[in-house]
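Me: I would like to learn how to read salt bridges and helix packing from a model. Can we work through one together?

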Amino acid sequence: MSDGFDRAPEQTRPLRAPPSSQDNSPQQNSESTMAKPQVVAAPVLMSKLSVNAPEFYPSSYSPNYTESYEDGCEDYPTLSEYVQDFLNHLTEQPGSFETEIEQFAETLNGWVTTDDALQELVELIYQQATSIPNFSYMGARLCNYLSHHLTISPQSGNFRQLLLQRCRTEYEVKDQAAKGDEVTRKRFHAFVLFLGELYLNLEIKGTNGQVTRADILQVGLRELLNALFSNPVDDNLICAVKLLKLTGSVLEDAWKEKGKTDMEEVIQRIENVVLDANCSRDVKQMLLKLVELRSSNWGRVHATSTYREATPENDPNYFMNEPTFYTSDGVPFTAADPDYQEKYQELLEREDFFPDYEENGTDLSGGGDAYLDDIDDEMDPEIEEAYEKFCLESERKRKQ
């Protein structure tokens, strides 16, 4: 801490006049007393701060937390309480993973010495990763670290094997879960996204020292997508979109290496859902955006160029996210237009299109605009159908 926190502040005292010879006289003239008002001394302000005061911690932080982990598990009566406390801490402060995971694993190695204890550890982590949405990624990282650093390997299986067995129990009821009620589906979706994070983060070391991903998870994700698309209600489709945004590029690369066309089949499945399923318009738009994302190689820059070297010539996605503007004649242009700077400057110099409206749409002129009042946020059915056909046709042309 800085010196300002290490020293107790000085006491505040009132200012006094320097002593004079008159101060020594036993009595003062009454006239002088009337002429000079009495000086009332202010009370001395005593600070309550102390150099021995404990350090300040936010109310949501326990100052004994770090000490308890440095001391191991002595302050915890059960393994469950120790692990759950660490998982909660990791959920609130994910940045502490790098600094505290090693000590956590060492403590577990001294505590988890039986099959039952290892099973309990796996269940605690699984429940945290599937019940708290923001913990699925961190939970996958934690599982990867423990799979390489826990020394116990009983006959029932090591940490990774027991983790995959736990996931399999949920995987085997995928079809029933996808058809279940809203609560059942929500729990199933959490499992699907956690399995996606596991596929990306769980490292398998081969016999020659090479690091690969678990093939069993790759197969499992493919079947989970089938279950979601086979029951095309909105929340199932949204979960499928999230899973593909998370793992789509990695899955497609892995399938291509094996000569498989699974991603083509997935995209075809999406197109069929867009055309035939009774899902909401917003969900259809999400699916179409996913098809567009895949058409742009999942938004990745061309493999032959680095990010700094990306140019309109070597990167087809260079202008993909650029907005479209219009000249005074109604001619569209983007940043890809050679006369972009000139046209854009002309656009800036143009007067405001809606001078009588504030940014929040309040009419300053006192009267409503019949045209603006009649604007409908819903997309015209014919335009929506044409847009869907355009996206699907673009994907078919890309495949040819």
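Reply: Start with one side chain. Lys 258 counts as partly exposed, because its relative accessibility is 43%. Keep in mind that this is a predicted model.

Me: Which side chain does Lys 258 meet in a salt bridge?
Reply: Asp 215, at 3.6 Å from N to O. Asp 215 has a relative accessibility of 46%, so Asp 215 counts as partly exposed.

Me: Where do Lys 258 and Asp 215 lie?
Reply: Lys 258 sits in the loop between H12 and H13, and Asp 215 belongs to helix H11 (residues 215–230), so the pair ties together parts that are 43 residues apart in sequence.

Me: How many salt bridges does the count come to?
Reply: Twelve. The cut-off is a side-chain nitrogen of Lys or Arg within 4 Å of a carboxyl oxygen of Asp or Glu.

Me: What separates Lys 256 and Glu 252 in helix H12?
Reply: About one helical turn, because they are four residues apart in helix H12. Their side chains form a salt bridge, with N to O at 3.6 Å.

Me: Is Glu 252 buried or exposed?
Reply: Glu 252 counts as buried, at 6% relative accessibility. Its partner Lys 256 is exposed, with a relative accessible area of 55%.

Me: What about the salt bridge of Arg 300 and Asp 253?
Reply: The N to O distance is 2.9 Å. This pair links distant parts of the chain, 47 residues apart. Arg 300 is in the loop between helix H14 (281–295) and strand E3 (325–326), while Asp 253 is in helix H12. Arg 300 counts as partly exposed at 30% relative accessibility. Asp 253 also counts as partly exposed, at 32%.

Me: Which residues do salt bridges that share partners join into one network?
Reply: Glu 252, Lys 256, Glu 264 and Arg 294.

Me: Now helix packing. What describes two packed helices?
Reply: The angle between their axes and the distance between the axes. Take helix H12 (residues 234–257) and helix H13 (residues 262–276). They pack at about 155°, with axes 10 Å apart.

Me: How are H12 and H13 oriented to each other?
Reply: Angles over 145 degrees count as roughly antiparallel. H12 and H13 are therefore roughly antiparallel to each other. Their crossing is left-handed.

Me: Which residues of H12 and H13 meet?
Reply: H12 brings Leu 237, Leu 244, Gly 248, Leu 251, Glu 252 and Trp 255. H13 brings Asp 262, Met 263, Val 266, Ile 270 and Val 273. By class, this contact has eight nonpolar, one polar and two charged residues. Glu 252 is thus a name to recognise: it is in this contact, and it is also in the salt-bridge network.

Me: Let us try another pair. At what angle do helix H6 and helix H8 pack?
Reply: About 55°, with their axes 10 Å apart. The helices span residues 115–131 for H6 and residues 159–171 for H8. H6 and H8 are therefore oblique to each other. The crossing of this pair is right-handed.

Me: Which residues in H6 and H8 meet?
Reply: On H6 they are Leu 118, Gln 119, Leu 121, Val 122, Glu 123, Ile 125, Tyr 126 and Gln 127. On H8 they are Phe 159, Leu 162, Leu 163, Arg 166, Cys 167 and Glu 170. The classes are nine nonpolar, two polar and three charged.

Technical notes. Residues are numbered from 1 along each chain as its sequence is written. This is a predicted model: local features need pLDDT of at least 70, side-chain atom pairs count only at pLDDT 80 or more; totals for chains, interfaces and linings use all residues. Side-chain values use heavy atoms; hydrogens and water are left out. Axes are lines fitted to C-alpha atoms, for helices over the stretch in contact, and angles run from 0 to 180 degrees between N-to-C directions. Helices (H or I, at least four residues) and strands (E, at least two) are DSSP runs, numbered from the N terminus. Angles under 35 degrees count as roughly parallel, over 145 as roughly antiparallel, 65 to 115 as roughly perpendicular and the rest as oblique. A crossing is left-handed if the near helix is turned anticlockwise from the far one by less than a right angle, and right-handed if clockwise. Contact means heavy atoms within 4.5 Å. Ala, Val, Leu, Ile, Met, Phe, Trp, Tyr, Cys and Pro count as nonpolar, Asp, Glu, Lys and Arg as charged, and the others, Gly among them, as polar. Buried means under 20% relative accessible area, exposed over 50%, partly exposed in between (1.4 Å probe, protein chains only).
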